[in-house]
Amino acid sequence: MTIHLEDLQPGMSRSISRTVSERDVELFGEVSGDHNPVHFDEEYARNTVFKGRVAHGVLSISYISALLGNEMPGPGTIFLSATVHFKAPVRIGDTVVTTCMVREIGERRRVTFDCVCKVGDTVVVEGEALVLAPARPKA
């Protein structure tokens with residue numbers, strides 16, 4: 001269900017939850033072309049700052065896109081830009097809870113969201129997203 005521009009208000013938020021699977025990492029690597037061994041080779045990854053395999057950071061950002069495109073505002077939303085900061089790694093089996101909250105409703109249907117992805121109490125990604133929100137269709 002789309003939440004139209006006219007119905008959005010600062011402070012409104014939605015959350016989604018997704019558990020990262022081995023298959024998610026494999027498919028993301030295939031689609032993106034990112035085959036960095038830190039995502040696929042446990043022995044290699046043990047010798048990195050992460051001390052083991054981690055999911056692609058951009059996979060977590062895709063959860064922000066999914067929330068904005070499917071939940072709020074929802075279908076018809078156009079993602080314009082994002083600024084994100086990676087705070088901690090996400091591992092296979094982690095459940096990522098993504099929350100986006102309306103910060104500001106600007107001119108020309110532009111809406112700024114504060115977004116955060118967490119695993120438990122740990123922030124793994126934080127940032128902001130700017131979207132073009134769908135307006136209510138004219139009758």
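**Exercise 1. State which residue of strand 5 stands opposite Phe-113, and place this pair in the sheet.**

Solution. Phe-113 stands opposite Ala-129 in strand 5, where strands, like helices, are DSSP runs numbered from the N terminus (E, at least two residues, for strands; H or I, at least four residues, for helices). The model is predicted, so that local features need pLDDT of at least 70 and side-chain atom pairs count only at pLDDT 80 or more, while totals for chains, interfaces and linings use all residues. Residues are numbered from 1 along each chain as its sequence is written, and side-chain values use heavy atoms, with hydrogens and water left out.

Next, strand 4 and strand 5 run antiparallel and are joined by 10 bridges; two strands pair if DSSP finds at least two bridges between them. The open sheet holds five strands in the order 1-3-4-5-2, with antiparallel pairing. Its edges are strand 1 (13–19) and strand 2 (78–86), each of which pairs on one side only.

**Exercise 2. Identify the members of the largest nonpolar core that touch the most other members, and the elements that supply this core.**

Solution. A nonpolar core is a set of buried Ala, Val, Leu, Ile, Met, Phe, Trp, Tyr and Cys residues joined through side-chain atoms within 4.5 Å, and buried means under 20% relative accessible area, exposed over 50%, and partly exposed in between (1.4 Å probe, protein chains only). Of the 29 residues in the largest such core, Leu-8, Val-20, Leu-68, Val-111 and Phe-113 touch the most other members. Two or more residues each come from helix 1 (22–32), helix 4 (57–70), strand 3 (95–105), strand 4 (110–119) and strand 5 (122–132).

Turning to one of these residues, Val-111 has contacts (heavy atoms within 4.5 Å) that include Leu-5, Leu-8, Val-102 and Leu-130, when residues up to four places away in sequence are not counted.

**Exercise 3. Decide whether His-39 is buried or exposed, and describe its surroundings.**

Solution. His-39 lies in helix 2 (residues 37–40), and it counts as buried because its relative accessibility is 8%. Its side chain reaches the backbone oxygen of Val-54 at 2.8 Å. Apart from residues up to four places away in sequence, His-39 touches Val-25, Asp-34, Arg-53, Val-54, Ala-55 and His-56.

**Exercise 4. Describe where Gly-11 is found and what it contacts.**

Solution. Gly-11 is found in the segment before strand 1 and, with a relative accessible area of 43%, is partly exposed. Leaving aside neighbours within four places in sequence, Gly-11 is in contact with Met-101 and Val-102.

How values were computed: A polar contact is a pair of N or O atoms within 3.5 Å; within protein, one must be able to donate a hydrogen and the other to accept it, and residues adjacent in sequence count only if both atoms are side-chain atoms.
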